[in-house]
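Start with the coordinates open in a viewer. The walk goes from charged pairs to the sheet, and ends at an annotated site.

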Amino acid sequence: MSGDTDPDLRAPLPDPWQALRDHTPARIGLGRSGTSLPTREVLAAGVAHARARDAVHAAMDCAALRAALAALGLQAIEVDSAAPDRARYLRRPDLGRQLSAESRQALGQQPRLRQDDALLLVIADGLSATAIARHAVAVCAQILAQRPADWSVGPVILARQARVALGDACGDLLGAPMVAVLIGERPGLSTCDSLGIYLTHTPGPGLTDADRNCISNIQAAGLSPAQAAAKLWWLIGAAQLLGATGVALKDESQGLLPG
C-alpha cells in the first residue's frame, strides 16, 4: 500500500477570493455546494434582505432626532408628506414629493429665511429610516462644525414619508436660498443604512433631479460624515458663485476632502 495521503483528507486550499472580500461588502466568489450556494451564503443573503426590508418599513424616530438636534443648537420642525401611510408612500412616489395640507399651512406660518447665505436642512426618512437613525445627526454636527463664518443654518425640517423633491416645497415656503435634503437611500443587500444628501439652489416648484447635486453613500464603508459635510460646503460655495446646482455644477471637491 502506498504512503500517499488520501485526497479526501488533504487540507483545503486557501480561498483566492478572500483577499478581495476584505476590500468590499459586495458578494463575490460565494462558492457552491453541489449546484447551489453554500448554506452560510444563503443564510447571509436572507439576513441582508430582512435588514433591507426593515429599513424600508421602519418609522423615523422624530422624538430622538429632535432631542439630538437640540443638543446641537438646532430647532426642528416636523412635517408630513401627502402620503398618509407607509404603504401608499411606497406605491405613490408622487405623494411623497408633496407636503400634506396641514404641513403646508404650518410651514407657511414660519418666519422666512431672509438671509442670502442661509442653508435649510431637511431630514427625510426616504427609503431607509435606519440610515437616518445612524448617520443624520452626525452629518448635521459636521455641517455645523465646518460651516463658513458667513453662513447660517436655518431650522431643520423632519419630513415623514418624504421623497427628495419635498425639500423644494419646504425651501420655497421658507424662502431658503439653498436646501440640503438628508435622506435614507434605497437599501440593498450590501448595506441598508446609506444616507444621501441632495443640494438644490433656489428651491421651488417645477424643479427636477437635473437641478440638484447628490452626495451619496454616506455610511461606515463609504463617505464619513466629515467628508460628506466638506463636499456639501464645497458644492454650496460653487453653487453660490454659479447661481445654480445640478447638471451645470460639476463636483471638483475630491482633492479637498478630509481623510
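How many salt bridges does a search of the whole structure find? The search finds 11. Keep in mind that this is a predicted model. The general idea is simple: side chains of opposite charge can pair when their charged atoms come close.

Begin with Asp85. Its salt-bridge partner is Arg88, and the closest N and O atoms lie 2.6 Å apart. Asp85 is partly exposed, at a relative accessible area of 26%. Arg88 is partly exposed too, at 38%.

Now take Asp209 and Arg212. Their side chains meet in a salt bridge with an N to O distance of 3.1 Å. Are these two residues buried or exposed? Asp209 is exposed, with a relative accessible area of 56%. Arg212 is buried, with 7%. Buried here means under 20% and exposed means over 50%, so this bridge joins an exposed residue to a buried one.

Next comes Asp251. A salt bridge ties Asp251 to Lys231, with the closest N and O atoms 3.0 Å apart. This pair links distant parts of the chain. Lys231 sits in helix α9 (225–242), while Asp251 belongs to the segment after that helix, and the two are 20 residues apart. Asp251 counts as partly exposed, at 37% relative accessibility. Lys231 is buried, at 7%. Elsewhere, salt bridges that share partners join Arg66, Glu78, Asp80 and Arg160 into one network.

Turn to the sheet. In what order do the strands of the open sheet run? There are 6 strands, ordered β1-β3-β2-β4-β5-β6, and the pairing is mixed. At the edges stand β1 (76–80) and β6. Each has a single partner strand, so one side of each is left without a neighbour in the sheet. From one strand to the next, the twist averages 20 degrees. As a rule, strands of a sheet pair through backbone hydrogen bonds, either parallel or antiparallel.

Look at the β1 end. β1 and β3 pair in the parallel sense over 5 bridges. Asp80 has Arg160, in β3, as its bridge partner. Asp80 and Arg160 also both belong to the salt-bridge network with Arg66 and Glu78.

Move on to β2. β2 runs parallel to β3, and 6 bridges join the two. Within this pairing, Leu121 stands opposite Val156 in β3. Why is β2 (residues 118–124) described as largely enclosed by the rest of the structure? The reason is that 7 of its 7 residues are buried. In a regular strand the side chains alternate between the two faces of the sheet. Both faces of β2 are covered. On one side, Ala118, Leu120, Val122 and Ala124 are all buried. On the other, Leu119, Leu121 and Ile123 are buried as well.

Now go to the loop between β5 (195–201) and β6, where Ala210 lies. Ala210 counts as partly exposed, at 38% relative accessibility. Which residues does Ala210 touch, leaving out those up to four places away in sequence? They are Thr245, Gly246 and Val247. The C-alpha atoms of Ala210 and Ala248 are separated by 8.8 Å, although the two residues are 38 apart along the chain.

Finish at the annotated site. An unreviewed UniProt entry lists Val164, Glu185 and Cys214 under "binding site". These residues span 51 residues in sequence. Yet no two of their C-alpha atoms are more than 11.2 Å apart, so they gather at one spot. Of this set, Val164 and Glu185 are part of the lining of the largest pocket.

Val164 lies in the loop between β3 (152–160) and α8 (166–174). Val164 counts as buried, at 15% relative accessibility. Beyond residues up to four places away in sequence, Val164 touches Val181, Ile183, Tyr198 and Arg212. Arg212 is the salt-bridge partner of Asp209.

Cys214 is placed in strand β6 (residues 212–218), an edge strand of the sheet. Cys214 counts as partly exposed, at 40% relative accessibility. With residues up to four places away left out, Cys214 touches Ile197 and Tyr198. Tyr198 is thus a contact of Val164 and of Cys214.

Terms used
Residues are numbered from 1 along each chain as its sequence is written. This is a predicted model: local features need pLDDT of at least 70, side-chain atom pairs count only at pLDDT 80 or more; totals for chains, interfaces and linings use all residues. Side-chain values use heavy atoms; hydrogens and water are left out. UniProt positions are given in the numbering used here, feature names are shortened, and annotations may be inferred rather than shown by experiment. On a 1 Å grid over the protein atoms alone, a cavity is a set of points where a 1.4 Å probe fits but cannot get out, and a pocket is an open set with protein on both sides within 12 Å along at least five of seven lines; lining residues have an atom within 4 Å of a point. Helices (H or I, at least four residues) and strands (E, at least two) are DSSP runs, numbered from the N terminus. Buried means under 20% relative accessible area, exposed over 50%, partly exposed in between (1.4 Å probe, protein chains only). Contact means heavy atoms within 4.5 Å. Two strands pair if DSSP finds at least two bridges between them. Axes are lines fitted to C-alpha atoms, for helices over the stretch in contact, and angles run from 0 to 180 degrees between N-to-C directions. A salt bridge is a side-chain nitrogen of Lys or Arg within 4 Å of a carboxyl oxygen of Asp or Glu.
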